[in-house]
Every structure is written in structure tokens, then in C-alpha cells.
2 protein chains.
Amino acid sequence: MSQIPNFKDINEAAERINPYAHRTPVLQSSWFNDQTGAELLFKCENFQKVGAFKFRGACNAIMKLPERAGKKGIITHSSGNHAQAVALAARMNGYKATIVMPKNSPSVKVNAVREYGAEIVFCENTIESREETAQNIIQKTGAAFIHPYNHPDVIAGQGTSAKELLEEIPDLDMIIAPVGGGGLMSGTLLSAKAINPEIKVYGAEPELADDAWRSLKSGKIEPVLRTDTIADGLRTSLGSLTFQIIQTHIDDIVTVSEASIIRDMRNVWERMKIIIEPSCAVPVSALMDAKISVQGKKVGIILTGGNVDLNQLPWS
Amino acid sequence: MSQIPNFKDINEAAERINPYAHRTPVLQSSWFNDQTGAELLFKCENFQKVGAFKFRGACNAIMKLPERAGKKGIITHSSGNHAQAVALAARMNGYKATIVMPKNSPSVKVNAVREYGAEIVFCENTIESREETAQNIIQKTGAAFIHPYNHPDVIAGQGTSAKELLEEIPDLDMIIAPVGGGGLMSGTLLSAKAINPEIKVYGAEPELADDAWRSLKSGKIEPVLRTDTIADGLRTSLGSLTFQIIQTHIDDIVTVSEASIIRDMRNVWERMKIIIEPSCAVPVSALMDAKISVQGKKVGIILTGGNVDLNQLPWS
């Protein structure tokens with residue numbers, strides 16, 4: 001489980017998941033083009049199954065399991081989009097899924113996982129409790145653990161989004177995506193640099209969760225120090241695989257403030273009429289705040305998901 | 001100005017506006033398909049310029065004006081999407097636009113109109129004051145009045161949305177759209193029935209603004225009796241032209257409750273990750289509440305717009 005996927009793995013992942021995942025649309029916005037002086041191409045993973053790119057990786061990893069392994073069940077721990085992705089992908093394959101979720105998970109997320117037919121096991125609100133609870137179940141059942149990002153088949157699956165984007169818009173100068181655990185960024189790097197070695201790929205992080213930026217500077221995996229950024233999908237630290245891929249290939253990582261994230265989440269809602277979660281706004285803010293020079297460039301942005309509690313909007 | 005447009009007018013409108021209007025995407029949702037037992041195709045005019053189908057009609061009407069007339073200025077009265085549509089289409093043509101808006105218009109709408117460069121003249125909050133204020137300006141300036149719906153070029157412009165939808169999905173059994181003043185519905189009927197005489201076209205209205213339904217029954221234009229439906233785009237009565245077209249061609253009109261409109265507006269936001277305004281949810285509710293039988297049918301739904309005040313959501 002420790003090898004780094006290559007572009008062949010991503011192509012195979014695409015073939016594998018294409019009948020099940022949406023080929024998400026690429027949208028444009030003249031308002032954002034005017035604001036940034038660039039031509040922006042938004043790859044809308046908020047329209048993906050379960051409302052997030054996470055379905056790509058989970059679907060690829062679960063479909064790639066030998067049936068014998070899948071029959072023992074699928075397990076993961078997550079309070080976010082990966083939980084729903086694993087639940088749906090397992091159900092599509094006729095496998096039983098168990099999702100370990102912290103007690104304090106928002107009920108909207110718990111209900112969504114339940115709706116996809118997974119069993120939920122609650123644990124304490126620490127990463128240790130999550131891992132221990134999952135390990136206990138694995139020891140009893142032999143269920144296959146699908147890590148949310150530090151897993152080659154998950155990374156290869158996430159890489160299919162950038163592959164689709166570049167198939168549709170081959171002459172992009174640059175792609176920018178958010179960095180949480182690094183699964184999406186790793187897949188994006190492997191896809192984009194294989195398709196076009198000249199392309200620039202940038203990561204964007206909240207200032208409050210700048211662990212990947214710090215890891216890039218120090219040369220080792222730095223942990224997330226606080227988990228209060230509004231970009232709830234980006235509160236995780238890098239893994240061994242994702243750090244290695246990011247360190248090797250990424251052009252740079254930039255960080256943005258909480259205020260910018262909320263402002264640009266709202267700008268996207270109002271100007272593009274699409275619902276994005278706060279994590280998606282992070283790369284948008286990187287451009288709006290001119291953290292990366294994009295004047296006259298053709299820039300792909302991966303919008304990662306659209307799962308938001310409509311009763312708790314950050315501006316209300 | 002009283003003649004009814006034909007399909008040739010709609011084709012000419014399409015050619016005229018195509019370089020300026022977006023060809024809006026058609027989206028699907030497996031959740032809504034499951035709920036209704038039909039295959040639903042959502043034509044997303046919320047992604048249109050100014051965030052609403054209204055740009056099509058305004059653009060067509062203004063582009064069709066002789067330059068000599070346009071140079072005298074463009075005028076309309078509207079507190080809604082038509083105001084923005086006229087403001088933008090006038091600016092694109094290098095004409096000066098004056099928009100008469102009631103004093104109580106939400107500031108978000110006033111600002112949007114101003115952003116498109118139009119002059120705003122405020123009036124009292126009655127339809128009489130709107131019309132009188134506009135008439136006074138027309139007498140002084142000779143500006144061309146672009147009625148929001150009872151205008152053949154506006155109707156022909158609105159018909160381009162259904163035309164695009166049927167070009168993309170030719171085998172639709174049915175199209176459903178909301179009915180306000182009837183401009184969109186008239187254009188939709190003229191397009192759809194010309195392209196496929198077998199297709200069914202239904203209108204949907206809020207119970208609180210069921211004037212078109214009552215007009216259809218009584219055989220004459222019945223006024224809207226109250227203006228408190230949340231579907232703010234549908235608070236207007238039919239015009240002479242739109243009533244004639246609707247009476248001749250429509251298959252039926254159904255009505256839905258306020259609670260259903262709010263529920264399905266939220267369902268679309270949550271399930272499809274797109275922002276629609278309340279008026280769009282009216283036809284969706286007609287299907288969700290089984291007001292029209294759609295089992296096994298392929299049904300086009302025109303989503304009319306996405307202009308919503310994010311500080312005042314109906315469920316908060």
C-alpha cells in the first residue's frame with residue numbers, strides 16, 4: 001500500500017469509475033475573469049456524486065478490491081465527504097460499509113451517510129479514538145480500510161478530475177486546487193504533470209491550516225496545529241504518500257485568510273449560482289487576493305464539493 | 001406591437017442573441033428522478049447572463065430596435081430580473097437605460113441594476129406610479145419602452161430557451177415552466193409546439209398567485225389578487241399577448257403551495273448544488289407533489305433564475 005501511483009493507474013481509474021462517476025462540467029464566470037485578469041475554468045466537483053470529488057477515489061479503491069476482500073466489508077473513519085463517498089461506492093458494489101464517525105459530527109452528515117446505507121459507529125472526538133475504533137472492527141471482521149487520502153487507489157481516483165479538465169481544456173497554463181490531506185492535490189499533480197510537463201500546479205490552504213505549506217518548507221510532514229478554519233475539508237495533515245508526491249511535483253503552496261474564504265464562497269454563490277463548500281473558496285481566494293500571478297493566464301480551478309449545512313451559512 | 005411572434009421570429013431571436021447570451025447547460029439529478037419516477041432535464045437559466053432567462057427577451061428586443069430609436073434611450077419599470085436584463089442589454093448596445101423601480105425594491109436588486117450602468121428613477125410602490133413615472137420619461141425623451149413580457153420581441157427571445165433545450169434533448173415528452181406575466185411560457189409554447197406538435201407543455205403557479213390558472217378557466221385575463229407569494233418572479237398578471245398565446249396552446253396549468261415551493265427550492269440547492277430563486281421551485285413542486293402525471297416520462301423543466309438575497313433565505 002505504499003507505492004506511488006502513476007499516470008497509467010489514473011487512466012485505469014478513469015476507465016473503472018467512468019460508468020459510475022459524473023463527468024463534471026467546467027464552468028466559467030465573466031465576473032471572476034474581470035476580477036482576476038485571467039481566464040478561469042472551474043471544474044465542478046460539487047456536482048459529483050455525493051457532492052464532492054471524494055467519490056472518485058473511494059469508488060476506484062473499492063472497485064479495485066478483489067470481491068473476496070470486499071465481501072468482508074468496507075470501513076473508514078471520516079466525518080466528512082469521504083464517509084458518504086465510501087458509503088455510496090460500497091453500496092454500488094454490493095458491499096457492507098461501516099463508517100466510524102466522531103460523536104460531534106453534524107447530524108446532516110450523519111444522515112447523509114445513513115441514507116447511503118452504511119452502518120455508523122460513533123467514537124470519541126479524537127483522531128486516536130477514530131483509529132482505535134476502526135482497528136477494533138477490522139480485527140473482528142477483516143473489513144478493508146479505505147484511507148481518505150493516503151492510499152494509492154484513492155489518489156489515482158482523485159487524479160481523474162484533473163485528467164478530465166485537461167481533456168476538455170488542453171491549453172491550461174495552470175491548475176490550482178486546495179490541499180487538505182493531499183489526496184486531491186497528489187492526484188492532480190500526477191495527472192497534470194504527466195499530460196503536460198510545462199503546466200504549473202499550485203496548492204492553496206487556509207492560513208489557519210497551513211500544514212502543507214510548512215511541510216514544504218521544512219521538508220517533513222508538519223501537523224495541522226488548529227482545526228478551526230471554516231474550510232472543514234482542509235483540517236487534516238498530509239500523509240506519507242501525499243507528502244512525497246506534493247514535495248516532488250508541486251510548484252508552490254499559498255495561504256489565504258478566513259475572511260477571504262468566506263467572501264469568495266459568497267462571491268461564487270452569488271455570481272456563479274452554484275453552491276460550494278468553504279474549502280472550494282480557498283483557491284478562488286488565492287487568485288482574488290493575487291497570491292499567485294495569473295494575469296492573462298488560462299487557469300483551471302478544482303471546486304472540490306458542495307456539501308454545506310444551509311441552516312448555518314458563514315455570513316448569517 | 002400587438003402581433004404574436006412565430007417560430008421564425010424565435011429562430012431569428014436565437015441568431016441575434018447567441019453571441020451575447022449563454023447557451024445554458026441542462027442538468028440532471030438522480031435524486032429527483034427517483035422521487036418523481038420520471039427523467040428530468042433541468043434547463044439552467046439561473047446560469048444565464050444577469051442570472052435569469054430575462055436577458056434573452058430584453059437582449060432580443062433591444063438589439064432589434066433601429067439604432068435611431070435606441071439612441072433615444074431604453075426604459076422599463078421592474079423591480080426584478082427584467083430590470084437587470086434591460087440594463088445590461090442596453091449597455092451592450094451602447095444605449096442609455098432608465099429603470100423605474102419602486103421605492104421598496106430590495107437594495108440588492110437596486111445595486112445590481114446600478115452595476116450594469118443604468119439610471120434608476122424611484123417611484124411609489126404601486127403599478128400605477130410605475131407606469132406614470134415611465135410614461136413621463138418617455139414623453140420627455142422618446143425612450144423605447146421594453147415591456148417585461150407583453151412584447152413580441154421579448155416573447156420571441158424567451159422562446160430561445162425551450163428551443164435550445166429541445167435541440168439538446170429532442171425526445172422530451174413534456175416541458176414545464178412557471179407562469180408569471182407569461183412571457184417565458186408564451187415563448188416556450190411557441191417554440192416547443194412548433195418543434196414538436198405532440199409535446200405537452202404545462203404551466204405551474206403558486207396557489208397564492210393563480211391568476212393564469214383562473215384566466216384559463218374564465219376565458220379572460222384575471223388579475224393577481226395578492227402579491228405575497230415567496231415566488232417573487234410570479235406576482236404579475238398576464239398581458240393581452242401572453243394570455244392569447246397561453247390560451248391557444250397550453251395543455252394545463254397547475255398550482256402549488258408556498259410550503260412546497262420552499263421545500264423544493266431547498267431540495268434543489270441541497271441535491272443539485274445550484275442556486276435557484278423561489279420561482280424556479282414552482283414547476284419542481286408540481287412534479288414532486290404529483291400535480292402532473294410524469295411516471296416514465298422525459299420532462300424538461302425551465303429553471304428561470306438564481307437571484308436570491310443570501311441574507312434572507314426562506315428557511316432561516
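A salt bridge here is a side-chain nitrogen of Lys or Arg within 4 Å of a carboxyl oxygen of Asp or Glu. By that rule B:R271 forms a salt bridge with A:E115, with 2.9 Å between the closest N and O atoms. The model in which this pair is found is a predicted one.

The pair is a good place to enter the structure. A:E115 belongs to helix α6 (residues 107–115) of chain A and B:R271 to helix α12 (residues 258–272) of chain B, so the salt bridge joins two chains. A:E115 has 44% relative accessibility and therefore counts as partly exposed. B:R271, at 34% relative accessibility, also counts as partly exposed, because that class covers values between under 20% for buried and over 50% for exposed.

Around this pair lies the interface of chain A and chain B. On the side of chain A, 21 residues are in contact with 21 residues of chain B. The two chains bury about 1,700 Å² between them, and 54% of this area is on carbon and sulfur atoms. Within chain A, the residues that lose the most area to chain B are A:K273, A:I275 and A:L310, which together account for 37% of what that side buries.

The polar side of the interface can be counted as well. The rule finds two salt bridges across the interface of chain A and chain B. It also finds 12 residue pairs in polar contact there, both residues being at pLDDT 80 or more. Helix α12 (residues 258–272) of chain A gives the most to the side of chain A that touches chain B, namely five residues. By residue type, that side of chain A divides into 10 nonpolar, five polar and six charged residues.

Next comes the sheet of chain A. Six strands make up an open sheet of mixed pairing, in the order β1-β2-β10-β7-β8-β9. The strands at its edges are β1 (26–27) and β9 (252–256) of chain A; each has a single partner strand, so one side of each is left without a neighbour in the sheet. Strands of a sheet pair through backbone hydrogen bonds, in either a parallel or an antiparallel sense. For β1(A) and strand β2 (residues 39–44) of chain A the sense is antiparallel, and the pairing runs over two bridges. A:V26 has A:K43 in β2(A) as its bridge partner.

A:K43 leads from the sheet back to salt bridges, as A:K43, A:E45, A:R56 and A:E164 are linked in a network of them. Within this network, A:R56 forms a salt bridge with A:E45, the closest N and O atoms being 2.7 Å apart. This pair links distant parts of the chain: A:R56 is in helix α3 (residues 54–64) of chain A and A:E45 in the loop between β2 and α3 of chain A, 11 residues apart. A:R56 and A:E45 are both buried.

Another salt bridge within chain A joins the side chains of A:D289 and A:R263, at 2.7 Å from N to O. Here too distant parts of the chain are linked, with A:D289 in the loop between α13 (278–288) and β10 (298–303) of chain A and A:R263 in helix α12 of chain A, 26 residues apart. A:D289 counts as partly exposed because its relative accessibility is 26%. A:R263, at 36% relative accessibility, counts as partly exposed. Over all chains, the structure holds 40 salt bridges.

Definitions and conventions. Residues are numbered from 1 along each chain as its sequence is written. Chains are lettered from A and ligands numbered from 1 in the order in which they are written. This is a predicted model: local features need pLDDT of at least 70, side-chain atom pairs count only at pLDDT 80 or more; totals for chains, interfaces and linings use all residues. Side-chain values use heavy atoms; hydrogens and water are left out. Contact means heavy atoms within 4.5 Å. Buried area is the accessible area (1.4 Å probe) that two parts lose on being put together, summed over both. A polar contact is a pair of N or O atoms within 3.5 Å; within protein, one must be able to donate a hydrogen and the other to accept it, and residues adjacent in sequence count only if both atoms are side-chain atoms. Helices (H or I, at least four residues) and strands (E, at least two) are DSSP runs, numbered from the N terminus. Ala, Val, Leu, Ile, Met, Phe, Trp, Tyr, Cys and Pro count as nonpolar, Asp, Glu, Lys and Arg as charged, and the others, Gly among them, as polar. Two strands pair if DSSP finds at least two bridges between them. Buried means under 20% relative accessible area, exposed over 50%, partly exposed in between (1.4 Å probe, protein chains only).
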